[in-house]
Amino acid sequence: MKSKILEAVDFVIKNNLVKGTWGNVSIKEGDLIYITPSGIPYDKLTKDDISVVDINGTHISGLKPSSELPTHIEIYKARKDVNAIVHTHPVFSTTVSLITSFIPPLVEDAVMILGPRINVSEYALPGTVKLAQNVVNALGENHAVILKNHGLITVGSDIREALTASLVCEKTAEIFLYALNIGNFSEINEGDAVMLRNKYLNSYRQIEKDVR
Ligand SMILES: [Zn+2]
């Protein structure tokens with residue numbers, strides 16, 4: 001699990017989803033959560049630094065966990081299908097968080113992989129239980145939630161799914177901003193969006209997992 005966290009951090013940096021030490025990644029295995037530590041530059045991170053806590057946040061080993069641990073714990077408690085969480089501060093998703101309360105169903109991959117509508121959570125200070133509650137509420141059954149004036153959280157049944165969701169959300173936020181700038185845009189209607197999402201959850205996603 002620790003090497004998977006390091007690989008995920010590498011992916012996040014290479015894909016320009018975060019700058020410096022901001023952002024955090026966790027993986028749940030059984031009752032244990034493996035999470036990036038607080039305040040260590042990602043390029044200095046080693047396996048031994050990865051923080052291990054139990055599902056209630058009690059520290060077991062490694063360095064002090066990320067200050068966003070409460071949000072990770074509340075998501076794992078609310079969503080039994082989630083085993084990995086990626087929190088980043090990408091430019092386009094964060095920009096969207098400043099101007100709207102959701103991204104409507106615009107493109108098929110986002111609707112399928114993330115959910116019919118990507119919500120922006122209410123603002124709360126970082127590291128607080130209030131932020132954790134706001135994030136869980138806005139996430140619902142989706143795989144992405146944008147944090148108002150802050151950044152992005154994506155989730156997955158494994159780390160690969162959560163990382164893919166981050167890229168898809170950031171790409172969708174970029175498209176949304178271009179469309180808003182140019183003028184009127186068309187949306188996928190709600191019924192079709194729900195159908196696409198269900199099709200992905202019940203068939204495409206299963207096939208993808210089988211070939212992994
Ligand atoms: Zn953050």
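**Helix α2, helix α5 and the nonpolar core**

Mentor: In this predicted model, the axes of α2 and α5 lie 8 Å apart, and the two helices pack at an angle of about 40°.

Trainee: Is α2 oblique or roughly parallel to α5?

Mentor: The angle between them is about 40°. Angles under 35 degrees would count as roughly parallel, and 65 to 115 as roughly perpendicular. The angle falls in neither range, so α2 is oblique to α5.

Trainee: Which class of residue has nine members in the contact of α2 with α5?

Mentor: From α2 come Pro70, Thr71, Glu74, Ile75 and Ala78, and they meet Val129, Leu131, Ala132, Gln133, Val135, Val136 and Leu139 of α5. By class, one residue of this contact is charged and two are polar. The class with nine is nonpolar.

Trainee: What is the handedness of the crossing of α2 and α5?

Mentor: The crossing is the one where α2 passes α5. Its handedness is right-handed.

Trainee: Which residues of α2 are buried, and which helix is among the elements that cover them?

Mentor: In α2, residues 69–78, the buried ones are Leu69, Pro70, Thr71, His72, Ile73 and Ile75. Their cover includes the strands β1, β2, β3, β5 and β9. The helix included in that cover is α5 (129–139).

Trainee: Which helix gives the largest share of the largest nonpolar core?

Mentor: That core has 53 residues, and Val135 and Cys169 have the most contacts inside it. Beyond its neighbours within four places in sequence, Cys169 is in contact with residues including Ala110, Leu114, Ile118 and Leu152. The largest share, eight residues, comes from helix α6 (residues 159–182).

Technical notes
Residues are numbered from 1 along each chain as its sequence is written. This is a predicted model: local features need pLDDT of at least 70, side-chain atom pairs count only at pLDDT 80 or more; totals for chains, interfaces and linings use all residues. A residue is buried if 20 or more other C-beta atoms lie within 10 Å of its own, exposed if 12 or fewer, and partly exposed in between; C-beta atoms are placed from the backbone. Helices (H or I, at least four residues) and strands (E, at least two) are DSSP runs, numbered from the N terminus. Two residues are in contact if their C-beta atoms, placed from the backbone, lie within 7 Å. A nonpolar core is a set of buried Ala, Val, Leu, Ile, Met, Phe, Trp, Tyr and Cys residues joined through C-beta atoms within 7 Å. Axes are lines fitted to C-alpha atoms, for helices over the stretch in contact, and angles run from 0 to 180 degrees between N-to-C directions. Angles under 35 degrees count as roughly parallel, over 145 as roughly antiparallel, 65 to 115 as roughly perpendicular and the rest as oblique. A crossing is left-handed if the near helix is turned anticlockwise from the far one by less than a right angle, and right-handed if clockwise. Ala, Val, Leu, Ile, Met, Phe, Trp, Tyr, Cys and Pro count as nonpolar, Asp, Glu, Lys and Arg as charged, and the others, Gly among them, as polar.
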